[in-house]
Protein chains: 2
Amino acid sequence: MDINATTRPPGRPREFEIEEALDKAIVVFSERGYHAASISELKDAMGLAAGSLYKAFKDKKAIFLASFDRYKQVRNAVLDEELAGGENGRDKVSRMLRFYAEASHGENGRRGCLVVGTAIELAVYDAEAAERVDRSMARSEALFETLIREGHADGSIPTTTDPAATARLLLSVTQGLRVLGKTGPSRERALSVVDTAMRLLD
Amino acid sequence: MDINATTRPPGRPREFEIEEALDKAIVVFSERGYHAASISELKDAMGLAAGSLYKAFKDKKAIFLASFDRYKQVRNAVLDEELAGGENGRDKVSRMLRFYAEASHGENGRRGCLVVGTAIELAVYDAEAAERVDRSMARSEALFETLIREGHADGSIPTTTDPAATARLLLSVTQGLRVLGKTGPSRERALSVVDTAMRLLD
DNA sequence: TTAATTTGGAAACGGTCGTTCCCCAATAGA
DNA sequence: TCTATTGGGGAACGACCGTTTCCAAATTAA
């Protein structure tokens, strides 16, 4: 009986963790963008030989898409955890905005957002990239809308606030923060945008 | 006496207009981004041989920076003209937001903004690009702030609206619109963001 | 005319890109 | 123990990249 639920497949076992390697690739792709990130840079960062890289992934685009998916999975998990601590709808919207603002200054800000980078560099010419960007944007927009409706229900956000329209605006603000973050503004400037945006929920 | 104020320099005269060529380059750089735009694509779009291109510009980056400067010059002129027709501070803010929203849907939206593209793809690694992005962002932010103060003075915007903080938020909204525009939303969705943002000035 | 200068354009260059190949190591199953 | 299968890693490959070179053409100045 194997200790794992699945039996090990034939052939030599992989000596590295795919997800650990992807975490390194995410950094390279985020900082450099898709086209400027060379296989040479990627293999160095991931600690792999070119041959091994191409046994784990079909081609450069596959490495990128796997990195994107990993990035989204990790970021979504962190955001969900952050939102779980929210008191009411309004507090959760504020937490979500701050989540983006915190990622949009200093070193992380300069590193940049893989979703925004993909939208700018890849979405127009690559259908698979575009679909992922669309899904990511739609998820964020829908989440904002849900939180606003939650605020309507618990009384923390006035019902005069239009959920769909406000969600679209807040999505626009978060994506904009990520762009501004590339030029490395201070934490205070990023957070002041959040404070001002929250006025929309008064 | 020459009909022009300046006499013609020695050597064979250039057979194309630099600015016309740059207008073609702007399209290529906007759609493809800096790294994905090859010299081959650029020379085809600009209608020049590689040799001629390199006599007019030092290298690829020089073509890009000249395109960026031309882009900013043209866009700033169009925006200034649009703002000149505004009735008061509030109307001018609305016009400026609509100016970005109109550029952020359909074909133009998918083509993208050269400032946002440069921020994402180049600003982190290239000082000259970063300086241009910074200047562009600072100009927009300062313009928003000026218009809000104008609204304070003419009574179209309540003085409870903080000029600096609101200007930062509106800058974030416009940059976000440009990102969202890459996935080609409808005109209505882009303009609804403007309507909602204008609520901040109530 | 002639010399100097600059552009137009095609061909060529070295370098790097993404990718594949090949050989050896490590594992499962028979 | 033998075979099949897969991964590790480095060397090699063709393609395309940005750039330079070269020569003919067009212009100014002498």
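**Figure 1. Chain A of the predicted model is helical.** Chain A contains ten helices and zero strands, where helices (H or I, at least four residues) and strands (E, at least two) are DSSP runs numbered from the N terminus. Read from the N terminus, its elements follow the order α-α-α-α-α-α-α-α-α-α. Along the principal axes, the C-alpha atoms of chain A fill a box of roughly 60 × 45 × 30 Å. This is a predicted model, in which local features need pLDDT of at least 70 and side-chain atom pairs count only at pLDDT 80 or more, whereas totals for chains, interfaces and linings use all residues. Residues are numbered from 1 along each chain as its sequence is written, chains are lettered from A and ligands numbered from 1 in the order in which they are written, and side-chain values use heavy atoms, with hydrogens and water left out.

**Figure 2. A rotation relates chain A to chain B.** Two copies of a chain are related by a rotation about an axis and a shift along it. Here, a rotation of 180 degrees with 0.0 Å of shift along its axis superposes chain A on chain B, with an RMSD of 0.1 Å. This is the relation of a two-fold axis. The superposition is by least squares on the C-alpha atoms of residues with pLDDT of at least 70 in both copies. Of the residues of chain A, A:Gly176 comes closest to the rotation axis, with its C-alpha at 1.8 Å. The same surface serves both copies, as 100% of the contact residues of chain A recur in chain B; contact means heavy atoms within 4.5 Å.

**Figure 3. Helix α9 of chain A meets helix α10 of chain B.** Two packed helices are described by the angle between their axes and the distance between the axes. The axes of α9 (residues 163-181) of chain A and α10 (residues 187-198) of chain B come within 9 Å and cross at roughly 95 degrees. α9(A) is therefore roughly perpendicular to α10(B), a term for angles of 65 to 115 degrees. Axes are lines fitted to C-alpha atoms, for helices over the stretch in contact, and angles run from 0 to 180 degrees between N-to-C directions. On α9(A), the contact is made by A:Ala165, A:Thr166, A:Arg168, A:Leu169 and A:Ser172. Their partners on α10(B) are B:Arg189, B:Ser192, B:Val193, B:Thr196 and B:Ala197. By class, this contact has four nonpolar, four polar and two charged residues. Ala, Val, Leu, Ile, Met, Phe, Trp, Tyr, Cys and Pro count as nonpolar, Asp, Glu, Lys and Arg as charged, and the others, Gly among them, as polar.

**Figure 4. Residues of both chains surround DNA strand D.** Of the 24 residues around this strand, the closest are A:Ser52, A:Lys55, B:Ile39, B:Tyr54 and B:Lys60; a residue is near a strand if one of its heavy atoms lies within 4 Å of it. Sugar and phosphate account for 66% of the atoms of DNA strand D that come within 4 Å of the protein. An N or O atom in the side chain of A:Arg12 is 2.9 Å from a base nitrogen of the strand, and one in the side chain of A:Lys55 is 2.5 Å from a base oxygen. The side chain of B:Tyr54 places an N or O atom 2.3 Å from a phosphate oxygen. α3(A) gives the most to the surface near DNA strand D, with three residues.

**Figure 5. Residues of both chains also surround DNA strand C.** Of the 25 residues around DNA strand C, A:Ile39, A:Tyr54, A:Lys60, B:Gly11 and B:Lys55 come nearest. A phosphate oxygen of the strand is 2.7 Å from an N or O atom in the side chain of A:Lys60. A polar side-chain atom of B:Lys55 lies 2.7 Å from a base oxygen.

Technical notes. Polar contact = N/O pair within 3.5 Å; in protein donor to acceptor, adjacent residues only side chain to side chain. Parallel < 35°, antiparallel > 145°, perpendicular 65-115°, else oblique.
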